[in-house]
Amino acid sequence: MSRADVLVTADWAEQNLGTPGVVFVEVDEDTSAYDKGHLAGAVKLDWKTELQDPVRRDFVDKGQFEALLSAKGIGNDDTVVLYGGNNNWFAAYAYWYFKLYGHRDVKLLDGGRKKWELDSRPLTEEAVSRPATQYAAQEQDTSIRAFRDEVIAAIGQQNLVDVRSPDEFAGRLFAPAHLPQEASQRAGHIPTAVNVPWSKAANEDGTFKSDDELRKLYADAGLDPSKDTIAYCRIGERSSHTWFALHELLGEENVKNYDGSWTEYGSLVGVPIEKSS
Amino acid sequence: MCGAPAQEETLDRTLPASVDPATQAIIQGRVVRDGDPVAAAYVRLLDASGEFTAEVVSSATGVFRFFASPGSWTLRALAPGATGSVRIEAGLGFTETRLEIG
């Protein structure tokens, strides 16, 4: 696995917009950005309404994922190139999700919508429809997904990487500062977690930093390469970005994303929480 | 966008009902280039150490808003071919600023 296998440049993307077998997928929390302009031929995926179960707090199941991808016209053999807003947070989340259900060839567009827009590359409002497929997913690969009991057991034992902003880590904020701060859960972080904000893995234009810079970042933060790692944030999307950096770009083994993240952990009764001054 | 009358002092202060401005620092403003509002700029909120805290895309009239805690912040905007930054001190309630890029 190397960077070229999992990350494509904006130049590559622009040259491959119409390439058969390559499907561009825009993933956002708010899909109105897609509706105002998207990469030519790209289909849209709504993080909240299409990837989350509408009732239980969990993902859509294997059958629902198969139905979703079939309806979007994505085949098992297609190369899926994901991109989105928010510095690719939700695109990275979808990347992890596609891997969870065993999609073979999936890539991220480096820099996502932001770099594309800052480069003044073309966007279109043209509607996209692709013929339906018969998509077959694999069972969830839980080697990349952490659940709460594993996270509690990992305190003091494994690398816990909290990728939220320093203020959220310290317990001064509950959420990223573009969201209102009301919340019912407790603020703080999981004891023994180190704070490496996701943004340290990205350049200002949303592209990932180089492998050397990323290696230095996590080494300096004190991640022990001999231990397994669990990354978390507030709802699991920013930690997908860091999971991508550690597992896909740097090739670290045994890295899991805790998608329950702080909105679950910070609401659990009786678990230890640390705050910083 | 020329001649758009709205300036910082006329920014909307309507908040969702669940948000109490007495408990948070609401930082808002407008991205401006050569006197005109800049839509769809990427506006980043950086903390006192320069660390990224949040990012929003400016509205059609160049407006952005963050919900933060009191303290020193830097706002930085990126648009095709132009960037700019401004440093602010924010207390509880509204803090408004103009963010020039060029």
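**Exercise 1. Which residues does Y93(A) touch, leaving out residues up to four places away in sequence?**

Solution.
- Start with the contact rule: heavy atoms within 4.5 Å.
- Y93(A) then touches W47(A), L51(A), Q52(A), F59(A), I235(A), G236(A), E237(A) and S240(A).
- Place the residue: Y93(A) sits in helix α6 of chain A. Helices here are DSSP runs of H or I with at least four residues, strands are runs of E with at least two, and both are numbered from the N terminus.
- Check burial: Y93(A) has a relative accessible area of 1%. It is therefore buried, the classes being buried under 20%, exposed over 50% and partly exposed in between (1.4 Å probe, protein chains only).
- Add a distance: 9.7 Å separate the C-alpha atoms of Y93(A) and L82(A), which are 11 residues apart along the chain.

This is a predicted model, in which local features need pLDDT of at least 70, side-chain atom pairs count only at pLDDT 80 or more, and totals for chains, interfaces and linings use all residues. Residues are numbered from 1 along each chain as its sequence is written, chains are lettered from A in the order in which they are written, and side-chain values use heavy atoms, without hydrogens and water.

**Exercise 2. Describe the interface of domain 1 and domain 2 of chain A.**

Solution.
- Set the bounds: domain 1 covers 3-140 and domain 2 covers 144-265. Such bounds come from an automatic or database domain assignment.
- Locate the centres: over C-alpha atoms, those of domain 1 and domain 2 of chain A are 23 Å apart.
- Count contacts: 24 residues of domain 1 meet 29 residues of domain 2.
- Take the area: about 2300 Å² is buried between the two domains, 63% of it from carbon and sulfur atoms. Buried area is the accessible area (1.4 Å probe) that two parts lose on being put together, summed over both.
- Find the main contributors: R3(A), W89(A) and W96(A) supply 33% of what domain 1 buries against domain 2, more than any other three residues.
- Count salt bridges: there are 2 between the domains. The rule asks for a side-chain nitrogen of Lys or Arg within 4 Å of a carboxyl oxygen of Asp or Glu.
- Give a pair: R3(A) and D211(A) form a salt bridge through their side chains (2.9 Å, N to O).
- Assign elements: α1 (3-6), α6 (89-100) and α7 (112-118) of chain A each supply at least two residues of the domain 1 side. α6(A) gives the most, with 8 residues.

**Exercise 3. Is R113(A) buried or exposed?**

Solution.
- R113(A) belongs to helix α7 of chain A.
- Its relative accessibility is 7%, so R113(A) counts as buried.
- Its contacts, leaving aside neighbours within four places in sequence, include E26(A), D28(A), Y83(A), L123(A) and, in chain B, Y42(B).

**Exercise 4. How many residues of chain B are in contact with chain A?**

Solution.
- The count is 23 residues of chain B, against 22 residues of chain A.
- Y42(B), E51(B) and F67(B) supply 29% of the area that chain B buries against chain A, more than any other three residues.
- The total buried between the chains is about 1900 Å², with 56% on carbon and sulfur atoms.
- The interface holds 3 salt bridges. K114(A) and E55(B) meet in a salt bridge through their side chains (2.6 Å, N to O).
- On the chain B side, β3 (42-46), β4 (52-57), β5 (63-68) and β6 (71-79) each supply at least two residues. β4(B) has the largest share, 5 residues.
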